[in-house]
Amino acid sequence: MDPKAKPVLVTGATGYVGGRLVPQLLHAGYRVRALGRSVGKLKGRPWGSHPLVELAQGGRSGL
Ligand SMILES: NC(=O)c1ccc[n+]([C@@H]2O[C@H](COP(=O)([O-])OP(=O)(O)OC[C@H]3O[C@@H](n4cnc5c(N)ncnc54)[C@H](OP(=O)(O)O)[C@@H]3O)[C@@H](O)[C@H]2O)c1
């Protein structure tokens with residue numbers, strides 16, 4: 001099975017590290033599942049509507 005067929009989960013995708021990791025993974029040919037507390041914030045990223053990116057909401061607020 002192609003190891004790049006399954007998405008790589010990136011937590012903290014709206015943050016400094018995650019926000020830079022996502023485009024690097026896409027450039028390398030991986031699918032990405034980007035997890036963040038705010039889908040609106042994820043959508044606003046340059047890669048937010050990339051066809052190989054799936055946006056997912058999760059995490060805790062108020063911590
Ligand atoms: N930046 C560096 O040079 C560096 C170096 C070494 C280690 N690290 C470590 O790498 C990690 C990420 O660093 P970063 O610089 O990318 O931090 P950051 O820019 O502050 O981003 C933090 C990310 O975590 C999310 N987050 C924060 N609290 C959360 C919670 N309670 N539930 C779910 N998501 C939560 C934030 O989401 P929201 O957008 O919703 O707030 C954001 O996506 C940290 O653990 C940091 O200590 C960073």
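In the predicted model, Ala34 is bridged to Leu55 of strand β3, and Leu35 has Ala56 of β3 as its bridge partner. These bridges belong to the pairing of β2 (residues 32-36) with β3, which is parallel and comprises five bridges. Strands of a sheet pair through backbone hydrogen bonds, in either a parallel or an antiparallel sense. On its other pairing, β2 is joined to β1 in the parallel sense over three bridges, with Val8 standing opposite Val32 of β2.

Together, the three strands form an open sheet in the order β1-β2-β3, with parallel pairing. The edges are occupied by β1 (8-10) and β3 (53-57), each of which pairs on one side only. Neighbouring strands of the sheet are turned against each other by 25° on average, direction ignored.

The two faces of β2 differ in their covering: Val32, Ala34 and Gly36 lie on the covered face, whereas Arg33 and Leu35 lie on the uncovered one. In a regular strand, side chains alternate between the two faces of the sheet.

The connection between β1 and β2 involves helix α1, and β1, α1 and β2 constitute a right-handed β-α-β unit. Helix α1 (residues 16-27) also contributes to the ligand environment, supplying three residues, the largest share of the shell around the ligand. The ligand is surrounded by 14 residues, of which Gly12, Thr14, Gly15, Tyr16 and Gly59 are the closest. By residue class, the shell around the ligand consists of seven polar, four nonpolar and three charged residues.

Methods:
Residues numbered from 1 in each chain as written. Predicted model: local features only at pLDDT ≥ 70, side-chain atom pairs only at ≥ 80, totals over all residues. Near = placed C-beta within 6 Å. Helix = DSSP H or I, 4+ residues; strand = E, 2+ residues; numbered from the N terminus. Nonpolar A, V, L, I, M, F, W, Y, C, P; charged D, E, K, R; others polar. Pairing = 2+ DSSP bridges. Axes fitted to C-alpha atoms, helices over the stretch in contact; angles between N-to-C directions. Buried ≥ 20, exposed ≤ 12 C-beta atoms within 10 Å, placed from the backbone. Right-handed = clockwise from strand over helix to strand, strands pointing away.
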